[in-house]
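Open the structure in your viewer and keep the residue numbering switched on. The tour moves from one selection to the next, and at each stop it says what is there.

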Amino acid sequence: MPNEVEGTRWPVSAWGAGGNRHDEPVKILSIQSSVAYGHVGNSAAVFPLQRLGHEVWPVLTVHFSNHTGYGAWRGPLLAPADVAEVIAGIGDRGVLGSADAVLSGYQGDPAMGAVILDAVDTVKAANPDAVYCCDPVMGDAGRGMFVRPGIPEYLRDVVVPRADIITPNHFELDFLAGRTTKSLTGLLEAVDMVRETGPRQVLVTSVLHDDVPQGSLEVVAVSDEGAWAVTTPLLPISPNGGGDVTAALYLAHLWTTGSPATALERTIASVFTVLEATLAAGTREIQLIAAQDAIADPPPRFAARRLR
């Protein structure tokens, strides 16, 4: 790890007294979708977090046979009131105050978003040091928005300002900032605009700007302490669930190391190895099980460079 990364600290106001790292495993209330076959939502986030030794309380918002990328699926979309009941039941056990973080991904409608934000409020009321990590799933470059009308605006105006950590892709960041960015400088300005609305930690995935080498892409992490980027080869693969794994791993590594740069390096090393295994297997489901050793012990593959 570069020397300039040493000593990076989480802001005490956002992450609690003590500042830079947490030696205990993180306890995460993860409110996301679930599939029986494959890996998206909680079915992508829970195992990697557990493989790192963390405690996860998965709350399901849907339980489908498979992810919707197949074009056909079966299973229930859970009512927001039912999801709220599950969270309330966890509260009945008296443990919500011990949660260190709330993690959320795809939010199908504002009613579900309201349930998630209520859970965040409950956890933070009991534990002011807890953080909320939101993956603001809306769309992607080349595909445009793929969520219901009104969801992007709801995420931008209501959810993202309440989050401590967000993990948008480049397309989603541009929407949140209300601008199109084609340079690294423009991207960092867009991140700063979004950070001014609330979230202090931002991880931007699938970054493509004018200075990214051909055949590569970048992932950028920004905090109060600075900004860093990792450049990786651009693999000819775009499976479902990669963003869910990325958000979960970044939250965990940020919590345990206190360093955005180190969390960035470890997260991308693991995710890239998973994607390599997926490409080699020739499947559309990410190979979390086959590549689990790279999750538990991220290989030193990509060095984060400081941008500012």
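Begin by selecting Phe-64, which counts as buried because its relative accessibility is 13%, under the 20% limit used for that word. What you see here belongs to a predicted model, and that applies to every later stop as well. Phe-64 lies in strand β2, which covers residues 55–64. If you leave aside the neighbours within four places in sequence, Phe-64 is in contact with Ser-34, Val-35 and Ala-36, and also with Trp-73, Arg-74, Gly-75, Pro-76 and Leu-77. Now add Leu-52 to the selection: Phe-64 and Leu-52 are 12 residues apart in sequence, and their C-alpha atoms are 26 Å apart in space.

**Helix α2**

Select residues 42–51 next, which form helix α2. How many of the 10 residues of this helix are buried? Seven of them are, so α2 is largely enclosed by the rest of the structure. The buried residues to highlight are Asn-42, Ser-43, Ala-44, Ala-45, Val-46, Pro-48 and Leu-49. To see what covers these residues, display the elements that include β1 (27–35), β2, β3 (101–104), α8 (242–257) and α10 (292–296). Strand β2, part of that cover, is the strand in which Phe-64 lies. After α2 comes Gly-53, whose phi is positive, near 95 degrees.

**The annotated span**

Colour residues 127–283 separately, since the UniProt record, an unreviewed entry, annotates them as "domain: Pyridoxamine kinase/Phosphomethylpyrimidine kinase". This span is 43% helix and 21% strand, and its end C-alpha atoms lie 41 Å apart. Zoom in on Asn-127, which is found in the loop between α4 and β4. Is Asn-127 buried or exposed? Asn-127 counts as buried, because its relative accessibility is 14%. Apart from neighbours within four places in sequence, Asn-127 is in contact with Gly-97, Ala-99 and Asp-100.

**Two exposed loop residues**

Move on to Gly-142, in the loop between β5 (139–140) and β6. Gly-142 counts as exposed because its relative accessibility is 89%. With Phe-171 selected too, you can check that the two C-alpha atoms are separated by 9.1 Å, although the residues are 29 apart along the chain.

Pro-149 is the following selection, and it lies in the loop between β6 and α5. With a relative accessibility of 82%, Pro-149 also counts as exposed. Pro-149 and Met-138 are 11 residues apart in sequence, while their C-alpha atoms are 10.0 Å apart in space.

**Helix α5**

Select helix α5, residues 151–159, and highlight its buried residues, which are Ile-151, Pro-152, Tyr-154, Leu-155 and Val-159. Turn the view until you look down the axis of α5: the buried residues fall within an arc of 165 degrees, so they line one face of the helix. The elements covering them include α4 (110–126), β4 (131–134), β6 (144–145) and α6 (170–177).

**Two partly exposed residues**

From α6, go to Arg-179, which is found in the loop between α6 and α7 (184–195). Arg-179 is partly exposed, with a relative accessible area of 31%. Setting aside neighbours within four places in sequence, its contacts are Asp-174, Glu-189, Ala-190 and Met-193. Pro-80 makes a useful second selection here, as Arg-179 and Pro-80 are 99 residues apart in sequence and 32 Å apart in space, C-alpha to C-alpha.

Then select Ser-206, in strand β8 (residues 201–207), and look at the backbone. Most residues other than glycine have a negative phi. Ser-206, however, has a positive phi, near 55 degrees. At 35% relative accessibility, Ser-206 counts as partly exposed.

**The second largest pocket**

For the last stop, select Glu-265, Arg-266, Pro-298, Pro-299 and Pro-300, which lie nearest the centre of the second largest pocket among the 11 residues that line it. The volume of this pocket is about 170 Å³. What kinds of residue make up the lining of the second largest pocket? The lining divides into seven nonpolar residues, one polar residue and three charged residues.

Terms used: Residues are numbered from 1 along each chain as its sequence is written. This is a predicted model: local features need pLDDT of at least 70, side-chain atom pairs count only at pLDDT 80 or more; totals for chains, interfaces and linings use all residues. Side-chain values use heavy atoms; hydrogens and water are left out. On a 1 Å grid over the protein atoms alone, a cavity is a set of points where a 1.4 Å probe fits but cannot get out, and a pocket is an open set with protein on both sides within 12 Å along at least five of seven lines; lining residues have an atom within 4 Å of a point. Grid points are joined across faces, edges and corners, and a volume is the space filled by probe spheres set on the points. Ala, Val, Leu, Ile, Met, Phe, Trp, Tyr, Cys and Pro count as nonpolar, Asp, Glu, Lys and Arg as charged, and the others, Gly among them, as polar. UniProt positions are given in the numbering used here, feature names are shortened, and annotations may be inferred rather than shown by experiment. Helices (H or I, at least four residues) and strands (E, at least two) are DSSP runs, numbered from the N terminus. Buried means under 20% relative accessible area, exposed over 50%, partly exposed in between (1.4 Å probe, protein chains only). The arc is that of the directions from the helix axis to the C-beta atoms. Contact means heavy atoms within 4.5 Å.
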